[in-house]
Amino acid sequence: QVQLVESGGGLVQAGDSLRLSCAASGRTFITYAMGWFRQAPGKEREFVALITWSGGATYYADSVKGRFTVSRDNAKNTVYLQMNSLKPEDTAVYYCAASRKLRSGNGNYYEAYEYDYWGQGTQVTVSS
């Protein structure tokens, strides 16, 4: 069992930056790839980013590529999402998720069903 707790969301202006954190419980954090998804009001949950167990590979949605960076600190059981140049369309609840199957990045990392555990989400609101 893995419990995930996101933090770092808030209200910012367009062009600002935020860093989200996701703290994981348990000693098996290193065996999971970690993903970030987001869900805007009235829209489906969508993939944002993935980082493999070692941090050796990362994957991003086209909409955030070049602006967002995912990283992890396995010693702290924490994954981060650095979000720069935020846009109003980035407004959403952001969720972190853990996937053992995607540990090395092989699979449909953009699909929510590939993930085993989810956090409760943190709200990010970007004003124009």
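Visitor: In the loop between which two strands does N77 lie?
Guide: The model discussed here is predicted. Within this model, N77 belongs to no strand of its own but to a loop, and the elements flanking that loop are β7 and β8.

Visitor: Is N77 buried or exposed, given its relative accessibility?
Guide: A residue counts as buried when its relative accessible area is under 20%. N77 has 18% relative accessibility, so this loop residue is classed as buried.

Visitor: What is the approximate phi of N77?
Guide: N77 is not a glycine, yet its phi is positive. The angle comes to about 55 degrees.

Visitor: Which residue other than glycine has a positive phi near 50 degrees?
Guide: The residue in question is placed in the loop between β8 and β9. With 41% relative accessibility, this residue counts as partly exposed. The residue with phi near 50 degrees is S85.

Visitor: How many strands does the protein chain hold?
Guide: The order of elements along the sequence is β-β-β-β-β-β-β-β-β-β-β. The chain has 0 helices, and its strands number 11.

Visitor: What radius of gyration does the protein chain have, and why does it agree with a compact globule?
Guide: The C-alpha trace spans about 40 × 25 × 25 Å along its principal axes, and 44% of the 128 residues count as buried. For a compact globule of 128 residues, a radius of gyration near 14 Å would be expected. The chain agrees with that expectation, its own value being 13 Å.

Visitor: What percentage of the contacts with a separation of 6 or more comes from residues 24 or more positions apart?
Guide: The count considers contacts in the protein chain whose partners have a separation of 6 or more. Among these, the share from residues 24 or more positions apart is 59%.

Visitor: Which cysteines form a disulfide?
Guide: The structure contains 1 disulfide, with its sulfur atoms 1.9 Å apart. The pair links distant parts of the chain, one cysteine in strand β3 (residues 18-24) and the other in strand β9 (residues 92-99), 74 residues apart. Both have a relative accessibility of 0%, so each counts as buried. The two partners are C22 and C96.

Visitor: Is the link of C22 and C96 right-handed or left-handed?
Guide: The angle about the S-S bond of this link is 50 degrees. With that angle, the link of C22 and C96 is right-handed.

Visitor: Which residue forms a salt bridge with R38, the closest N and O atoms being 2.6 Å apart?
Guide: R38 is buried, with a relative accessible area of 6%. Its partner in this bridge has 35% relative accessibility and therefore counts as partly exposed. The partner is E46.

Visitor: How many residues apart are D90 and R38?
Guide: D90 forms a salt bridge with R38, with 2.9 Å between the closest N and O atoms. The pair links distant parts of the chain, as D90 is in the loop between β8 (78-83) and β9, whereas R38 is in strand β4 (residues 33-39). Both residues are buried. Their separation in the sequence is 52 residues.

Visitor: Which residues do salt bridges that share partners join into one network?
Guide: The structure has a count of 5 salt bridges. Those with shared partners create one network, whose members are R38, E46, R67 and D90.

Visitor: With which side chain does K101 meet in a salt bridge?
Guide: The N to O distance in this bridge is 3.1 Å. At 56% relative accessibility K101 counts as exposed, whereas its partner is buried, with a relative accessible area of 6%. Both lie in the loop between β9 and β10 (117-118), so the bridge ties together parts 13 residues apart in sequence. The partner of K101 is E114.

Visitor: How far away from R72 is the nearest side chain of opposite charge?
Guide: R72 lies in strand β7 (residues 68-73) and is buried, yet it has no salt bridge. A salt bridge requires the charged atoms to be within 4 Å. The nearest side chain of opposite charge, D73, is at a distance of 8.3 Å.

Visitor: With which side chain does the side chain of R72 make a polar contact?
Guide: A polar atom of the R72 side chain lies 3.4 Å from the backbone oxygen of W53. Beyond its neighbours within four places in sequence, R72 is in contact with residues including F29, Y32, I51 and V79. The polar contact between side chains, at 2.7 Å, is with N74.

Methods
Residues numbered from 1 in each chain as written. Predicted model: local features only at pLDDT ≥ 70, side-chain atom pairs only at ≥ 80, totals over all residues. Heavy atoms only, no water. Helix = DSSP H or I, 4+ residues; strand = E, 2+ residues; numbered from the N terminus. Buried < 20%, exposed > 50% of the residue type's maximum accessible area, 1.4 Å probe, protein only. Lys, Arg positive; Asp, Glu negative; His and termini not counted. Polar contact = N/O pair within 3.5 Å; in protein donor to acceptor, adjacent residues only side chain to side chain. Contact = heavy atoms within 4.5 Å. Disulfide = S-S within 2.5 Å. Rg over C-alpha atoms; globule rule 2.2 N^0.38 Å.
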